[in-house]
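Trainee: I should like a close look at one part of this chain, with its surroundings explained. Please take a single helix and follow it through.

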Amino acid sequence: MKKNSKMPKRDFMKLVLLLAFIQITIFTVWQMVVFSITGNEASTLIQWFFTLWGIEVGLLMLKKILGIRKGEGDSE
């Protein structure tokens, strides 16, 4: 493997989506446990956490769509 090799865009997008799925799953389970124990819900934290990942995934989709229109996307 080369020292200065770059990760292909497709692999980076898959990595970000995997990270989003894992973090959202862990966060949701953690919030359910905290709510079960304390009875309190961190509504602002929940809102901004899901907003962050919603924007990130939305921008990835937009980048993929625009890349396909320009002919830069893969043919999957």
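Mentor: Gly39 follows H1 and has a positive phi, near 80 degrees. This is a predicted model, in which local features need pLDDT of at least 70 and side-chain atom pairs count only at pLDDT 80 or more, while totals for chains, interfaces and linings use all residues. Residues are numbered from 1 along each chain as its sequence is written, and side-chain values use heavy atoms, with hydrogens and water left out.

The helix that ends before this glycine covers residues 9–38. The protein chain has two helices and zero strands; these are DSSP runs numbered from the N terminus (H or I, at least four residues, for helices; E, at least two, for strands). With 30 residues, H1 reaches 42 Å from its first C-alpha to its last, close to the 44 Å expected at 1.5 Å a residue; the expected span is 1.5 Å times one less than the number of residues.

The buried residues of H1 are Met13, Val16, Ala20, Phe27 and Gln31, where buried means under 20% relative accessible area, exposed over 50%, and partly exposed in between (1.4 Å probe, protein chains only). Their cover includes H2. In turn, the buried residues of H2 are Phe49, Trp53, Leu60 and Gly67, and what covers them includes H1.

The two helices meet in the largest nonpolar core, whose seven residues are Met13, Val16, Ala20, Phe27, Phe49, Trp53 and Leu60. Such a core is a set of buried Ala, Val, Leu, Ile, Met, Phe, Trp, Tyr and Cys residues joined through side-chain atoms within 4.5 Å. H1 and H2 (43–70) are the elements that give two or more residues to this core, and H1 gives the most, with four. Leaving aside neighbours within four places in sequence, Trp53 is in contact (heavy atoms within 4.5 Å) with Val16, Leu19, Ala20, Gln23 and Ile24.

Another part of H1 is open to solvent-probe access. Phe21 lies in H1 and counts as exposed because its relative accessibility is 58%. Together with Leu18, Ile22 and Ile26, Phe21 makes a nonpolar surface patch of about 420 Å². Patches take residues with over 30% relative accessible area and no salt bridge, joining like charges within 9 Å and nonpolar side chains (Val, Leu, Ile, Met, Phe, Trp, Tyr) within 5 Å; a salt bridge is a side-chain nitrogen of Lys or Arg within 4 Å of a carboxyl oxygen of Asp or Glu.

Methods:
Areas by Shrake-Rupley, 256 points an atom, 1.4 Å probe, with all protein chains shown as cover.
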